[in-house]
Structures are given as C-alpha cells and as structure tokens.
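Work through the three exercises below with the sequence and the structure at hand, and try each task before reading its solution.

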Amino acid sequence: MIGRGLSVDPSDAIPLWKQIEENVRRLVASGALRPRSAMPSVRDLARDLSINPATVAKGYQRLVDAGILAVKRGEGTFVAEKPPALPRGEREKELEGGATRYASLAVTLGVSNEVAVERVKGSLGLLRKKRNEDS
Amino acid sequence: MSANPATTASASNASAAVVLASRLLVRYGGNPKPTLEEFSFSVPRGSVYALLGRNGAGKSSLVRCLLGQQKPTAGACALFGEDAWRRRARLMAKVGVVPEDPDAPPAMTASELSAFCARLYPSWDGAAVTARLARFEVPATTPFGSLSKGQRALVSLSLALASSPDLLVLDDPTLGLDAVARAAFFDELVGELADRGTTVFLTSHDLAGVEKMADRVGILKGGKLVVDESLESLKARFRRLRYGNEATEDAAAYGQELSAFDAVKVKVRGWGIEAVVSNYGDESFARFAALEGVLDAEASALSLEEIFVAVVGEAPPAAKGHP
C-alpha cells in the first residue's frame, strides 16, 4: 500500500530521510495519503526499504514537527487531520528549490521551455483533479 | 558556560562514544611502514559505522584492536570508555561479534552452540536464537560444519544477538552470501536497530547494503583513515562533473578550470572532460559552469561505491612491485 509510493534511492544525492520526507509530503499533497490514514511503523518501513530505522525515524520526526504527521501514543503514526500550509518564507524556499530542480532536469534533457511549462501545467491539472475527486 | 569547555567536550564525547580509538598505531615486526598509521575516530552510541577499505588496507587489524584481540603498537581503543585490550574479558560480555569466517566446533549444532554460550553470558536469550534460526530457515540440529557459508553467518548473527549486546561488530558478514541470505541478514539487523538501537561497527564489501544502513563511514587506504564522516556529508561533497571544454585539445590547459575544486579524478573523454570532485558546492559549481570555456556543465551524484572507488581506486605508486 503506502510502501509502494514510498520508494527511496540510496544512490541519490538527497539523504534517505529527506527522500522519505519529500515522498510523504508529495503523497499527502496529491491526496494519495488521506488525512488520518495510518502510516507504516518505522520498523515496517525500514524493513520494506531495508534501510536503517533511525533514518525512517528522522524523516517521520521532521514530518511530525512540520505537522504533516501526528503520533498517537500507543497507536502509531498517522497523517494529520489538517496538514498545515508551510509558513510563507518556507513555502517560497521549497517552491524555488523544487522549480530549480525541475528546470535543471528540463535543461539537461534538452527540452524546450514551452514543453517544460506545459508538463508542469499538465501535472498540476492532474493532481488538483485527483484531489477534487477524492474529497 | 563551563570554565573549561575543552575538558567538558571531550568528557561528553567519551560518554557518548561506544568506540573510541585514540592515536591508534599498529606496526608488525620489522615492517617500516605501519599497518595502521596513527589516527583517531569514534563511533557514537546508536550509530551504524561502516569501515571500508580494499583488502590489505588494515581493516582486520583495526577490528582486532577494537575487540581487544591485539594490543596496538601505540595509542588505544576504548569500548564504553574502557580500554579494549586490558578489559577485554569484561567488555566482551557487552559485545556481539560476527566474524568474517564464523568458526565453531564443526560437530556442534546451532542449538548446542546456543546452550554452550548461555553458560558464558550473564544474560542469554536462547528462545530468541531458536526463533531467529526458524525465521532464517536454518536447521538448528544440523552440525555447524555441514551448514552452508550463508547459514553459518546467520547462525553467527543469531548467537551474537542472543546476549543483547550494546555493540555489534560485524566483520564483512555478508561476504559470499547469496541475495536471499544477505536480505535475511540485513532484515534481522534492521529489526535489531529498531528494537534496541544497538551500536553497530561493520566492515563490508557490500557497498549497496552499507549505503542504506550506515550513518557514518570510515575509509582506510594504505593504513590511513582517509575518510571519517557522516554518510550524508560524504555524499553531499562528492560529485561527478561533466563538461565540454574548448581547451581540451591543449593537454597542458585542461583541468585548469577545475582549480576551485579538489578533483580526485580527471578524465578526458571524447565529448569533453569528466571529473570527480570531493568539495562540491552549489555556489562554486554555478561559478564554475559560468567560466569561459566551460560548456554545458552538469553535476551528478555518486553512489557510495563510486565514491569509494574514487577515493581508493588508484593503487598507490609505492605499492607497485610488491605482491
């Protein structure tokens, strides 16, 4: 289930805990992870990905700190009821970082600006449509 | 703050470090070149430290010093703040070891080995050994000598974990294991880390496995500890740069543009230049990419294996001519 959307690439330059954090953010943003749904335990996810549980715990902790996940004592970790929007400064920074990464990819692949922008619009449309259908 | 910050810092380091090697030096017989050249490093509690190095780099000597099986020529290894050599007998009750080539009386079965070890340790969880062996599908009643290499490693891990060690030392535990046995081994290790947060010190040639598990990485090269840092910072500072260069034709000029970087390796390719740098930064790369004569520069991340090869790849010139 969740494990499938949550893959990590150890050879990537982005640290594994950060990959987990970004993946969960993405899954929550897309609605693939609904509010109040249960997250796999640190141990299960570590086992599924065969990575150090401390790495998973670090990613989870960051998401809990950001209010995206919530820990219910004795029950486990869940997606928060209302995942908060990031503070404006943070949001700008995240957005810019993501945009730069995508732009670099487009340039590296030799894609024209028009095509690159079209793709972003397409993805945005799909995500928003999926969210609206789900809610 | 404290009147003597230096003392306070080292005291708190010592209490947090499960393994602390101080100015360790190992020299054998009349060999003028030390096997381990004076260095220090520590393994913080709860971390997974991976020691990498080519064969003959000094890994086994280091592991022996750490386990108190060998007295270093100079310097010392401490476990839990106590000298590994002098306090070996006492310390080993807190340490689980999986040696590179697990050894046990060949006629004894895994259950017999567990029963035997139970008498040597203050706390021994024989039931956990049985449960692990069942999970690993290793027969508990087959003589150790008749088990496959993978099965012996799994028996060895089961026994090493039975005393609930505070430190687990794994000496290339998955060497020669097939994919299934390796997965079972790492699976069990994940469980152990999740349950008890055991500190782990491992040497390994399985860099893909290490890359998922380790917090800190040490790389031994010719007896020197050339890398000792968190896996995260190691991966952040290494990049492969590829770019076209107008000066490629001029052998003397190529590579000049890389002067802002520590280039570990530079290769001239048909399409341009490929370099591995060990001090990558986004800003210095942006300046580099904007240099005149540098065309279409791109930077890509390296896997731990690629970093390892870049760091230790070339045989040192001094080693040539020796077997």
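**Exercise 1.** Find how many residues each chain gives to the contact between chain A and chain B, and describe the side that belongs to chain A.

*Solution.* In this predicted model, the contact takes 15 residues from chain A and 17 residues from chain B. Next, look for the helices on the side of chain A that touches chain B: α3 (42-49) and α4 (53-65) each supply at least two of its residues, and the largest share, 4 residues, comes from α3(A). Finally, sort the residues of this side by character, which gives 8 nonpolar, 4 polar and 3 charged.

**Exercise 2.** Work out the order of the strands in the open sheet of chain B, and explain why one side of each edge strand has no neighbour.

*Solution.* The sheet has 4 strands in the order β12-β13-β11-β14, and their pairing is antiparallel. Because β12 (263-269) and β14 (294-301) of chain B stand at the edges with a single partner strand each, one side of each is left without a neighbour in the sheet. Neighbouring strands are turned against each other by 15 degrees on average, direction ignored. Now take one pair: β11 (residues 239-245) and β13 (residues 272-277) of chain B are joined in the antiparallel sense over 5 bridges, and B:Arg240 has B:Val276 in β13(B) as its bridge partner.

**Exercise 3.** Decide whether helix α5 of chain A is largely in the open or buried.

*Solution.* Begin with the span: α5 (residues 88-108) of chain A has 21 residues and reaches 30 Å from its first C-alpha to its last, close to the 30 Å expected at 1.5 Å a residue. Then consider burial: of these 21 residues the number buried is 0, so α5(A) lies largely in the open. Last, look beyond the helix, where α5(A) is followed by A:Gly110, whose phi is positive, near 70 degrees.

Definitions and conventions: Residues numbered from 1 in each chain as written. Chains lettered and ligands numbered in written order. Predicted model: local features only at pLDDT ≥ 70, side-chain atom pairs only at ≥ 80, totals over all residues. Contact = placed C-beta atoms within 7 Å. Nonpolar A, V, L, I, M, F, W, Y, C, P; charged D, E, K, R; others polar. Pairing = 2+ DSSP bridges. Axes fitted to C-alpha atoms, helices over the stretch in contact; angles between N-to-C directions. Expected span 1.5 Å × (residues − 1). Buried ≥ 20, exposed ≤ 12 C-beta atoms within 10 Å, placed from the backbone.
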